[in-house]
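Trainee: I have a structure open and would like to understand the words people use for it. Could you take me through a few of them?

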Amino acid sequence: MSAFETAGAIDCDVHPPSPRGADLLPYLDDYWKEIVTTREVDVLELMAYPERTRPYMRPDWKGDGDPLEQMQRNLLDPLGLEHAILNVVSGAHALFDPYLSTAICRATNDWLADKWLDRDSRLRASMLVPFQNVEAAVEEIERRAGDKRFVQILTLAMTELPLGRRIYWPIYEAAAKHGLPIGIHAGSNYRNAPSHSGFHSFLIEDHVAQPQGFSTQVASLIAEGVFTKYPELKVVLIESGVTWLPALMWRMSKDWRGARIEVPWVKEAPADIIRKHVRMTSQPFDGPDNAEDVAKALDHLLSDEMVLFSSDYPHWHFEGLDVLPEGLSADRMNKILRDNVRATYARLGD
Amino acid sequence: METPVLERPQESAQTLGVVDCDIHPAFSRPDQLLDYLPERWKAHMRDYAVRTANPLLGTLPYPRLTPGNGMRRDSWPPNGGPPASDLAFLQEQLLDEHNIDFGILQPLAAGSMAFNQELGAALCAALNDWQIDKWAGPEPRLRASICIPQEDVKASLAEIDRCVADGRFVQIAFPPRTLEPCGRSRYWPIYEAAEHYGLPIGLHTSAFGYRPNTPSGWTSFYLEEHFAASNSLQTVLSSMILEGVFEQFPKLKVVLVEGGFSWLPSLVWRLDREWKRMRSEVPHVKRPPSEYVRENFWYTTQPIEEPEVNRHLLDILRWIGPDRLMFSTDYPHWDFDDPRFAFKVPLTPTERSAIFRDTAIELFGLK
């Protein structure tokens with residue numbers, strides 16, 4: 001029932017099933033093969049993003065058979081997508097051993113290229129790099145950068161340290177150099193509790209709390225001066241909910257007017273920095289239930305450039321194209337489905 | 001015929017006094033609270049100070065931007081002492097100047113956050129006695145908050161029982177950065193007492209807590225820390241609803257203080273969306289979260305939201321409902337809101353009187 005043309009759209013958040021230990025073996029050297037086998041490194045699923053649980057599986061998408069063929073049949077073909085960006089939300093982000101994490105990230109990237117990107121030219125992927133091991137993360141970016149099908153670097157909304165910290169800057173330098181946005185995906189590696197009052201009782205609370213992770217990551221990147229240092233860098237917030245962002249823009253700009261002496265390298269109002277550097281995928285969309293108010297909520301961003309289409313296939317958020325809320329003009333819709341995505345991911349044009 | 005009906009409330013709203021839901025009284029000298037402590041705790045304070053999760057003893061870990069840890073530069077009383085420590089000057093600079101009929105005291109001293117639980121309970125009791133003795137006693141426009149050591153529920157109930165007969169206490173106060181999410185059942189006896197006595201619970205954002213101030217660890221800067229403080233209020237709201245507090249205590253009233261409010265519409269849309277999908281995980285939550293939000297929560301307005309386009313504030317006000325918002329100044333802090341200028345959008349007379357007066361009068365039973 002979609003009232004708009006999806007042909008040529010680009011889907012910025014599509015999830016292949018996470019690879020198991022056996023899937024990664026062909027891409028590991030002998031040492032890591034033995035480690036992964038004897039120490040039983042198999043399922044790497046985040047407690048805060050448990051993909052095998054019910055909320056992550058639409059009942060109608062369960063099924064056997066080749067997952068790529070299913071994706072083609074359920075998503076790529078019917079929507080006529082030009083591209084879909086694969087995001088593996090991996091437990092590699094949460095492993096404590098920085099070298100094991102490095103091995104898993106590299107193998108997962110190889111697996112993505114081999115089992116997915118090589119088999120369907122519409123597919124693109126986010127690269128996994130070990131934020132626990134910054135030097136190795138930069139090596140992995142440099143090793144992989146020549147393959148333009150990798151279009152961004154993935155991390156989480158809730159991490160070990162706020163993402164603006166200088167320890168991560170070499171990753172941003174390599175990302176900026178190669179035109180790779182930093183994709184911040186919903187989820188936590190549980191290094192820190194997801195709330196000021198510790199861990200939640202319920203999964204639904206972790207879900208509800210994700211904007212707290214996204215907002216503080218954006219605040220950190222601004223306050224630490226990452227966008228001052230890397231003016232070309234883009235950040236994409238994936239599965240953030242969208243409508244929480246204006247509140248951060250207003251609050252941070254107001255505080256910056258009063259407190260800028262603390263961060264003299266932040267030369268512009270945070271709201272302006274956010275409009276330049278921060279993008280959000282459209283699904284899930286935390287919106288009011290009528291078209292007029294949806295339009296108002298999006299107006300608060302003061303920009304039509306910031307929202308990028310995503311389906312979140314095959315998670316339960318995915319509702320086909322009905323997910324894009326009512327209240328979007330044809331012009332806004334076109335930007336979300338195509339123009340904004342191309343402007344964000346420079347490597348899609350290569 | 002209609003014109004006078006529209007005009008009359010507008011005029012009366014402008015002449016009626018304001019209710020200020022967030023005033024921070026201060027000690028006139030650093031050891032003033034000792035006067036209200038028994039000898040045992042006086043000696044303890046002298047010998048060991050108050051140990052809390054603040055990594056620095058006696059200093060805020062994120063230095064504030066104005067003298068006095070973030071005070072209005074004009075708020076030092078002419079007779080000496082720190083800002084908001086002198087009743088006469090507070091009356092002159094705040095209550096008289098801004099036509100404030102009622103002001104709710106929100107003491108920020110660390111009773112609720114003391115690691116030593118017995119000391120925490122003693123500090124809360126001292127704070128409560130001090131509020132009455134120095135402030136709400138001599139100045140009837142000021143009303144007090146029953147500060148409780150929320151992690152020690154038994155001591156909290158005893159303190160509520162000790163204070164509740166004194167009608168000058170109009171709410172029960174503790175910080176939102178509780179040791180566990182505050183919807184957990186360990187805190188329910190406090191809510192039972194609050195509901196029983198008809199006292200709202202007031203949760204004021206706090207500058208430090210037991211846990212990092214972001215889900216990714218500690219921020220480097222005040223600029224990030226100040227914003228992140230409002231996240232603790234979001235956790236309070238979500239946790240209390242999703243743990244089923246309001247199914248058990250449907251008349252409980254919760255006031256979220258000094259955390260802004262423009263984050264609320266998006267959070268409520270999110271709560272409802274997730275609840276529709278995952279309600280089987282929380283079967284004790286019988287109704288859409290937005291319904292509890294509409295019935296059980298209120299918000300103070302300072303620091304007022306300042307959208308880049310002023311009229312966007314009206315969207316937020318109407319999504320939340322002007323009957324849930326209560327004006328506050330945060331006197332004497334640097335980001336004080338002046339009731340004459342805080343709202344840069346045109347409010348209807350009904351909205352204005354609700355926000356500046358009526359809602360707080362009714363919620364706190366002020367008379």
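Mentor: Gladly! Helices (H or I, at least four residues) and strands (E, at least two) are DSSP runs, numbered from the N terminus. B:L142 is found in strand β3 of chain B, residues 142-147. This is a predicted model, in which local features need pLDDT of at least 70 and side-chain atom pairs count only at pLDDT 80 or more, while totals for chains, interfaces and linings use all residues. Residues are numbered from 1 along each chain as its sequence is written, and chains are lettered from A and ligands numbered from 1 in the order in which they are written.

Trainee: Why is B:L142 called buried?

Mentor: A residue is buried if 20 or more other C-beta atoms, placed from the backbone, lie within 10 Å of its own, exposed if 12 or fewer, and partly exposed in between. B:L142 has 26 such atoms within 10 Å, so it is buried.

Trainee: Which residues does B:L142 touch, leaving out those up to four places away in sequence?

Mentor: B:L142 touches B:G103, B:L105, B:W135 and B:A136. Two residues are in contact if their C-beta atoms, placed from the backbone, lie within 7 Å.

Trainee: What puts B:L90, B:L94 and B:L95 on the same side of α4(B)?

Mentor: These three are buried residues of helix α4 (residues 87-96) of chain B. They cover an arc of only 80° around the axis, so they are on the same side of α4(B); the arc is that of the directions from the helix axis to the C-beta atoms. On the other side of α4(B), B:A88 and B:D96 are exposed.

Trainee: What do the buried residues of α4(B) pack against?

Mentor: They pack against β1 (18-23) and β2 (100-105) of chain B.

Trainee: And how do you know that chain B is as compact as a globular protein of its length?

Mentor: First, chain B has 13 helices and eight strands. Its radius of gyration is 20 Å, close to the 21 Å that the globule rule gives for 367 residues, so chain B is as compact as a globular protein of that length. The radius is taken over C-alpha atoms, and the rule is 2.2 Å times the number of residues to the power 0.38. Buried residues make up 54% of the 367 residues in chain B.

Trainee: How many residues of chain A are in contact with chain B?

Mentor: There are 57 residues of chain A in contact with 55 residues of chain B. The largest share of chain A's side, 13 residues, comes from α7(A).
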